[in-house]
Amino acid sequence: MAKFYNEPSRTFSEYLLIPSLTTKECVHENVDLSAPLVKGKPDEKVLRLNIPFTSSIMQSVSDANMGIALARSGGMSFIFCSQGIESQAEMVRKVKKFKAGFVTSDTNLRPDQTLGDVVNATKLVGHSTIAITDDGTANGKLLGILTSRDYRVHKAGLDAPISKFMTPFSKLVYAKEGISLSEANELIWEKKLNCLPIIGDEQQLRYLVFRKDYDEHKENPNELVDAEKRLVVGAGINTRDYKERVPALVEAGADILCVDSSDGYSEWQGDAIRWIKSTYGADVKVGGGNVVEEDGFRYLVDAGADFVKVGVGPASICITREQKGIGRGQATSLIEVAKARNQYLEETGVYVPLCSDGGLVMDYHIVLALAMGADFVMQGRYFARFDESPGRKILIRGNYMKEYWGEGSERARNWQRYSEGGGTGLTFEEGVDAYVPYAGRLKDNLAVTLAKIKSTMCNCGSISIKQLHDTARLTLVSATSIREGGAHDVMLKESDVMTSEK
């Protein structure tokens, strides 16, 4: 006979936190939001996040730009795997090669090209500093620099060659590779430069350092870096081509992998994790998921998973539950998997971090997820809204929106994530193609979210995620108490937002 779970599965919106004594040490400056990313003994030093945030393994969320931005803020991205192996590996390399202040030139032309090419390039990238190299690549031999101050199109004409207007290499102030950022900035100020090229021994271009970036480098004290001071980045893998994809990602420098699947409780995922562990041992870390109860958790941990991802069907662009009638309320899933994790800790002495993936609608839901046992969260919609996400920014009915599509949508065509082993394509969609309101820079928005999280944790008398796990108190709420929690029984004043929505 089928097994029935008679208790309803619940969402985060059905819970509230009960305040605990806020002691005098419970101030924002004392709150530690770091969290373990991989399993280990409780007192063992393991790879950790500086903030409990990772970005989803999605085309519309996690590319190299998101990986750089989130790591600089203390979190980490998993570069999406629904792309070619080499293109994914190149995104990983781009994050690992990034140095704060040392910018890889994204606009490069040859000296024999024209001002027409310059105009087209500046329209595409939105800035006017162009490196002129012998082959027009970011690492070619540097021959000059061209900026908007060097030419006037209406006088020179679009057919004029770049070589006539660029500042040639012989007149450039430059530095050799190996210079520190502080030394580069000192040279910029001493020589009154806007841009300092960094070159290799053969005059090949390596980086550009800009005056305008100086202050920004001082504003990222929470960067998540490895032992060599490179940004930390993860990468998604699937259960089909992992024997070819994993070696390429490891070679590219990925710090951790995660099997991307809508159903983690499967033999295909177990095989993939066991192969990684038998091939690389403990040197390559890999997370598994997604699961919603104890059996799935145990299966992945026994296979060798370094962390476990929780959640089937709660994401805003996921329609797995509508299409297949499978899944579970995210709060209930997390609570039950956390119990299984704690039992595993008692039995083995090994702590396995949990990632809550999906179902986070409000910022306070993040604290609820942490209180229920998650060590960190994975978010898609949250990060898709920002400048750093891959989706286009589009003006719709007077409001700016960002594109956001699910991996199970027809647009993504990520059949490897949803196939049960035999197919090679999507038979039906499990995700939608949508828009989310544009929100600006990641750093600005994340600062507000982190402030809310710290404030809520202080109200709970907790200054660490571990303490929140141990002492948080939660209560179920009724439909009427949910209404009571928002503005009610008043007439709100008109605002720009309200007016724009009319």
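Visitor: I'll start with one residue: is Tyr207 buried or exposed?
Guide: Keep in mind that this is a predicted model, where local features need pLDDT of at least 70, side-chain atom pairs count only at pLDDT 80 or more, and totals for chains, interfaces and linings use all residues. Residues are numbered from 1 along each chain as its sequence is written, and side-chain values use heavy atoms, leaving out hydrogens and water. The labels go by relative accessible area: under 20% is buried, over 50% is exposed, and in between is partly exposed (1.4 Å probe, protein chains only). Tyr207 has a relative accessible area of 11%, so the label is buried.

Visitor: How many aromatic pairs are there?
Guide: Rings of Phe, Tyr and Trp (its six-membered ring) pair if their centres lie within 6.5 Å; planes under 30 degrees apart are stacked, over 60 edge-to-face, and the rest tilted. By this rule, the number of aromatic pairs is 13.

Visitor: What type of aromatic pair do Phe102 and Tyr207 form?
Guide: The ring centres of Phe102 and Tyr207 are 5.7 Å apart, and the planes meet at 70°. That makes the pair edge-to-face.

Visitor: How many residues apart are Phe102 and Tyr207?
Guide: Helices (H or I, at least four residues) and strands (E, at least two) are DSSP runs, numbered from the N terminus. Phe102 sits in the loop between α2 (85-97) and β6, while Tyr207 belongs to strand β12 (residues 205-210). So the pair links distant parts of the chain, 105 residues apart.

Visitor: Which residues make up the aromatic cluster with Tyr382?
Guide: Tyr382 and Phe386 are both buried. One aromatic cluster takes in Tyr382 along with Phe53, Phe383 and Phe386.

Visitor: Which residue forms a salt bridge with Asp255?
Guide: A salt bridge here is a side-chain nitrogen of Lys or Arg within 4 Å of a carboxyl oxygen of Asp or Glu. For Asp255, the closest N and O atoms are 2.8 Å apart, and the partner is Lys96.

Visitor: How far apart in sequence are Asp255 and Lys96?
Guide: Asp255 is in the loop between α7 (242-252) and β14 (256-259), whereas Lys96 is in helix α2. Asp255 is partly exposed at 21%, but Lys96 is buried at 5%. Their distance along the chain is 159 residues.

Visitor: Which residue lies nearest to Glu293 among side chains of opposite charge?
Guide: Lys and Arg count as positive, Asp and Glu as negative, and His and the chain ends are not counted. Glu293 lies in the loop between β15 (286-291) and α9 (294-303). Glu293 is buried yet has no salt bridge; 6.4 Å away is the nearest opposite charge, Arg328.

Visitor: What does the side chain of Glu293 reach at 2.9 Å?
Guide: The term here is a polar contact: a pair of N or O atoms within 3.5 Å, where within protein one must be able to donate a hydrogen and the other to accept it, and residues adjacent in sequence count only if both atoms are side-chain atoms. For Glu293 the partner atom is the backbone nitrogen of Asp295.

Visitor: Which residue does Arg328 form a salt bridge with?
Guide: Arg328 is buried, with a relative accessible area of 12%. The closest N and O atoms of its salt bridge are 3.2 Å apart, and the partner is Glu336.

Visitor: Which are the edge strands of the open sheet?
Guide: Two strands pair if DSSP finds at least two bridges between them. The open sheet has four strands in the order β6-β7-β8-β9, with mixed pairing. Two of its strands pair on one side only, namely β6 (108-109) and β9 (167-168).

Visitor: Which residues does Thr167 touch?
Guide: Thr167 has its place in strand β9 and is partly exposed at 26%. Contact means heavy atoms within 4.5 Å. Not counting residues up to four places away in sequence, Thr167 touches Leu143, Gly144, Ile145, Asp150 and Leu172.

Visitor: Where is the cis peptide bond?
Guide: Most residues other than glycine have a negative phi, and most peptide bonds are trans. Here, one bond is cis, with omega near 10°, and runs from Gly289 to Asn290.

Visitor: What is the phi of Lys192?
Guide: Lys192 is in the loop between α5 (181-191) and β11 (195-199), and is exposed at 71%. Lys192 is not a glycine, yet its phi is positive, near 60°.
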